[in-house]
Amino acid sequence: RPRVGVLALQGDVREHLAMLEGLGADARPVRTRAQLDDVAGLVLPGGESSVIDRLSRILGLRDAIVDRIGDGMPVYGTCAGMILLADEILDAAPGQRTFGGLDAVVRRNAFGSQVDSFETDLDVPALGAPPVRAVFIRAPVVERTGERATPLAAVDGRVVAIEQGPLLATSFHPEVQGEARFHRRFLDRVDGLG
Ligand code: GLN
């Protein structure tokens, strides 16, 4: 079974581990370089992207993650994880950086302070029926999709799910709704490497 990691510096790590284990993966928290070396794919959880960025640098993980992404490691980022995957971000915290890899410009907290959180049924053609019950929590949006990336879903014309080869990102949190199809898609990419 595929051995995959969830970056476990901050955020909703537990939910992702449970989801991945439920799908048959050997899912492990990743906090060290050695743990990263040991996994074939990585989930970047929701949380606070600027905090995850900072901790990844303090712990000496950032460069290793950037290298693995460059080598084609499958990565699935939700919410803060989408921000961390983007090549470019808008409304970044002071000094905030991303791991990058995803040819996209992503805006943090894009739905504004009046609409902190909401849920909607989202049509995701790549996943088929039924629609995805999507939970947005201070969510980002893809402001611009680069040539190498493909949008997978949008809310009011704003892209909230995107894919680029082994990289997958959603503005929302399938792991809190028990929606397994995005994690399945990520694991399919990991299996495809073997
Ligand atoms: N607003 C958060 C950030 O900038 C993301 C919120 C989330 O992951 N639910 O990282």
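Helices, in the sense used in these entries, are DSSP runs of H or I with at least four residues, strands are DSSP runs of E with at least two, and both are numbered from the N terminus. On that footing I looked up V39 and found that V39 is in the loop between α2 and β3 (42-44).

**Confidence.** I noted early that this is a predicted model. The protein has a mean pLDDT of 96, with 98% of its residues at 70 or more, and the scores for the model are ipTM 0.94 and pTM 0.97. I keep in mind that where pLDDT is low, the predicted coordinates should not be read in detail.

**V39.** I asked myself whether V39 counts as buried or exposed. V39 counts as buried because 22 C-beta neighbours lie inside 10 Å, the cut-off for burial being 20 or more. Leaving out residues up to four places away in sequence, I listed the residues that V39 touches as R3, V4, G5, R28 and V30. For R3 I also looked up the spacing: V39 and R3 are 36 residues apart in sequence, while their C-alpha atoms are 5.3 Å apart in space.

**Helix α4.** I went on to α4 (residues 62-70), whose buried residues are I65, R68 and I69. These residues lie on the same side of α4, because the arc they cover around the axis is only 100 degrees. On the face turned away from that buried side I found the exposed residues D63, D67 and G70. As for what the buried residues of α4 pack against, I recorded α2 (33-37), α3 (49-58) and β4 (75-78). Just after α4 comes G72, for which I noted a positive phi of about 95 degrees.

**Core.** Which residues have the most contacts inside the largest nonpolar core? I found them to be L7, L42, L85 and I162, in a core of 60 residues. Helix α5 (residues 80-85) gives the most to this core, contributing 5 residues. I followed I162 further and, setting aside its neighbours within four places in sequence, listed its contacts as L102, A104, V142, T145, A149, T150, P151, L152 and A169.

**Ligand.** Last, I looked up the surroundings of the ligand, which consist of G46, G47, E48, S49, C79, A80, I83, R108, N109, I137 and R138. Sorted by class, this shell has 4 nonpolar, 4 polar and 3 charged residues.

Definitions and conventions
Residues numbered from 1 in each chain as written. Predicted model: local features only at pLDDT ≥ 70, side-chain atom pairs only at ≥ 80, totals over all residues. Core = buried A, V, L, I, M, F, W, Y, C linked by C-beta atoms within 7 Å. Buried ≥ 20, exposed ≤ 12 C-beta atoms within 10 Å, placed from the backbone. Contact = placed C-beta atoms within 7 Å. Near = placed C-beta within 6 Å. Nonpolar A, V, L, I, M, F, W, Y, C, P; charged D, E, K, R; others polar. pLDDT = per-residue confidence, 0-100. Arc of directions from axis to C-beta.
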